[in-house]
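Student: Please take a close look at one part of this model for me. I would like the aromatic pairs and the pocket beside them treated in one connected answer.

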Amino acid sequence: MQEEVIEMLKPRQNGVYIDATVGPGGHSEEILEHIGPAGVLIGIDRDDEALKMAEKRLSDRRVVLKRGSFADMESMIHAEGISSVDGVLFDLGLSMLQLKSPDKGFSFASDGRLDMRMDRRQKLSAWDVVNRYPEKEIERILREFGEERLSRKIARAITTHRQKKSIDTCSELSALVEGVYGGRGRFHPATRTFQALRIEVNRELDQLRAGLEATSRLLKSNGRLCVISYHSLEDRIVKHFMAESSRKGLFRVITKKPLVPSTEEIRSNPSSRSAKLRSAEKI
Ligand SMILES: C[S@@+](CC[C@H](N)C(=O)[O-])C[C@H]1O[C@@H](n2cnc3c(N)ncnc32)[C@H](O)[C@@H]1O
């Protein structure tokens, strides 16, 4: 949704922009095309490998890359001597790089260890959640973060299995969930379980709320906020934040309905099918 992002973010000459999820740098590269020689782009990511790729792709004196969570963007920006910005972009979730990398342990198809940490400095991994959390807690996570209707059965299957042997790999866990479902449908039955674990391990929803709150203090008047989300839990938080901020007179909502990718984009990049772009302007 490159074009839609630029249309909504409206990057201006010599403006200061935050790409809160710089990843391999695709959107940042496009923003740099629009901010002129004195513009500044601060790219944030929790994943050091993503930052290494961004560093190569965006070797440009206008770019500052920061490792950490966008929940802490205010302190990162202040450390650069910047107090306000013209726009903030969030492109949530995971990059293809992360999803495809077996040692990151995000994909239910991989034989990699259950990990799912975006920031490898963090201690808690998906292995700990699956092998150490109480059954009730696993059930809650699957229900709340995965909207999984078989949360109780899956939590029971996990805790029964781990009494005999720990669940170490992504494929072991996905086979276990498939067993609970008794087969596969159009989507792999472990999709929701993996989403739930990822959200728990990376505290994704709390981080998103904190990141959005930070933008209301950092954006200049007329500055733009753009958020691309990939599942209903994220989108609900973004929608609620924008509606509340508009009620308080802090933001004006630009996208009454979220923008979604075109049929051609979904055809060429199927993982974009659930993307929703929302945008608001600081008053
Ligand atoms: C969908 S990718 C971004 C792709 C990027 N926009 C591009 O065009 O190349 C999402 C990125 O956000 C990062 N991320 C997710 N949650 C984060 C958080 N709370 N703080 C910082 N980075 C985060 C992930 O590590 C991942 O690299």
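Tutor: The model is predicted. Phe108 is a place to begin: its relative accessible area is 26%, so this residue is partly exposed. Its partner, Phe194, is buried, because its relative accessibility is 4% and the cut-off for buried is under 20%.

The count of aromatic pairs comes to 3. In one of them, the ring centres of Phe108 and Phe194 are 5.7 Å apart and the planes stand at 85°, so the pair is edge-to-face; the cut-off for that class is over 60 degrees. This pair links distant parts of the chain, 86 residues apart. Phe108 sits in the loop between helix H5 (96-100) and helix H6 (126-132), while Phe194 belongs to helix H10 (residues 191-202).

Phe241 and Phe251 form another edge-to-face pair, because their centres lie 5.8 Å apart with planes at 65°. Phe241 is in helix H12 (residues 232-247) and Phe251 in strand E6 (residues 251-253), 10 residues apart. Both Phe241 and Phe251 are buried.

Phe241 also belongs to the lining of the second largest pocket. That pocket holds about 180 Å³ of space. Helix H11 (204-218) and H12 are the elements that give two or more residues to its lining, and H12 supplies the largest share, 5 residues. Besides Phe241, the lining includes Arg209, Leu212, Glu213, Ile237, His240 and Lys248. By class, the lining residues of this pocket are 4 nonpolar, 2 polar and 4 charged. Phe241 thus appears both in an aromatic pair with Phe251 and in the lining of the second largest pocket.

Definitions and conventions:
Residues numbered from 1 in each chain as written. Predicted model: local features only at pLDDT ≥ 70, side-chain atom pairs only at ≥ 80, totals over all residues. Heavy atoms only, no water. Phe/Tyr/Trp six-rings, centres within 6.5 Å; stacked < 30°, edge-to-face > 60°. Helix = DSSP H or I, 4+ residues; strand = E, 2+ residues; numbered from the N terminus. Buried < 20%, exposed > 50% of the residue type's maximum accessible area, 1.4 Å probe, protein only. 1 Å grid on protein atoms, 1.4 Å probe; cavity = no way out; pocket = protein on both sides within 12 Å on 5 of 7 lines; lining within 4 Å. Points joined across faces, edges and corners; volume = space filled by probe spheres on them. Nonpolar A, V, L, I, M, F, W, Y, C, P; charged D, E, K, R; others polar.
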